[in-house]
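Biologist: I would like to learn how to read a model of this kind, one feature at a time. Please take me through it.

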Amino acid sequence: SGEIIDLIVDTIEVRGKPAIREVVRHPGGVVIMAEMENGRIAFVRQHRYPLDQRLLELPAGKLEPQESPEVSAARELEEEVGFRPDFLEHVFSFYPTPGFCDELLHLYYTNRLRKTSVNPEEEEDIVVEFYTLEEAIEMAECGEIMDGKTLLALFWLKWKRSVGAHDRAPPPG
């Protein structure tokens, strides 16, 4: 058991024979694609200890106990990027690594934001960067963006725009 995750080792039966399954239990999380008025998307660059690399990712974070995904998404966006969303669209939820982990991520999109202030958690070392969708897709295609949740969100938005679905958020007011 750790601060965030637990590792469970179970013996199950597969076709009448015992098999070991290791499962990481995770509280779930959120991913937020925040598009500014100028069309640039907010990203965070942070060190990822398991990889010993700084990765470029969309803002994201784990769900807190008793917190809805939408509340978590708004909190994480404000903490990491310094913007509060006036509206969040739930795009879809997905399992990033179902072979060994029960983590469920909830992807949100917003293009209506109010500037506040960045307030990262103490152990976070985050640099905020902004890129257009086209720039980010180029970075993904050449391997500069390798985070799975970010890749999924970027290619979702590219697809969404290619099919002409431009009404992601209801009109203001």
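Biologist: Which residue follows H1, and what is the sign of its phi?

Modeller: Keep in mind that this is a predicted model. The residue after H1 is Gly-82, and its phi is positive, near 85 degrees.

Biologist: What span should helix H1 have, and how far apart are its end C-alpha atoms?

Modeller: The general idea is a rise of 1.5 Å a residue. Helix H1 has 13 residues (residues 69-81), so it should span 18 Å; the end C-alpha atoms are 18 Å apart, which agrees.

Biologist: Which residues of H1 are buried?

Modeller: A residue counts as buried under 20% relative accessible area. In H1 the buried residues include Ala-73, Ala-74, Leu-77 and Val-81, and also charged ones, among them Arg-75, Glu-76, Glu-79 and Glu-80.

Biologist: How many helices and strands does the chain have, and in what order do they run?

Modeller: There are three helices and 11 strands. From the N terminus the order is β-β-β-β-β-β-α-β-β-β-β-β-α-α. Of contacts between residues at least 6 apart in sequence, 61% join residues at least 24 apart.

Biologist: How many salt bridges are there in the whole structure?

Modeller: The idea is a distance test: a side-chain nitrogen of Lys or Arg within 4 Å of a carboxyl oxygen of Asp or Glu. The search finds 14 salt bridges. One of them joins Arg-161 and Glu-35, with the closest N and O atoms 2.6 Å apart.

Biologist: Why does the pair of Arg-161 and Glu-35 tie together parts far along the sequence?

Modeller: Arg-161 lies in helix H3 (residues 148-162), while Glu-35 is in the loop between strand E3 and strand E4, so the pair ties together parts that are 126 residues apart in sequence. Arg-161 is partly exposed at 24% relative accessible area, whereas Glu-35 is buried at 8%.

Biologist: Where do Asp-86 and Arg-114 lie?

Modeller: Their side chains form a salt bridge, 2.5 Å from N to O. Asp-86 sits in the loop between strand E7 and strand E8, and Arg-114 in strand E10, so the bridge ties together parts 28 residues apart in sequence. Asp-86 is partly exposed at 42%, and Arg-114 is partly exposed at 44%.

Biologist: Is Lys-149 buried or exposed?

Modeller: Lys-149 is buried, at 13% relative accessibility. Its salt-bridge partner Asp-147, with the closest N and O atoms 2.9 Å apart, is buried at 13%. Shared partners join Arg-48, Glu-57, Asp-147 and Lys-149 into one network of salt bridges.

Definitions and conventions. Residues numbered from 1 in each chain as written. Predicted model: local features only at pLDDT ≥ 70, side-chain atom pairs only at ≥ 80, totals over all residues. Heavy atoms only, no water. Helix = DSSP H or I, 4+ residues; strand = E, 2+ residues; numbered from the N terminus. Expected span 1.5 Å × (residues − 1). Buried < 20%, exposed > 50% of the residue type's maximum accessible area, 1.4 Å probe, protein only. Contact = heavy atoms within 4.5 Å.
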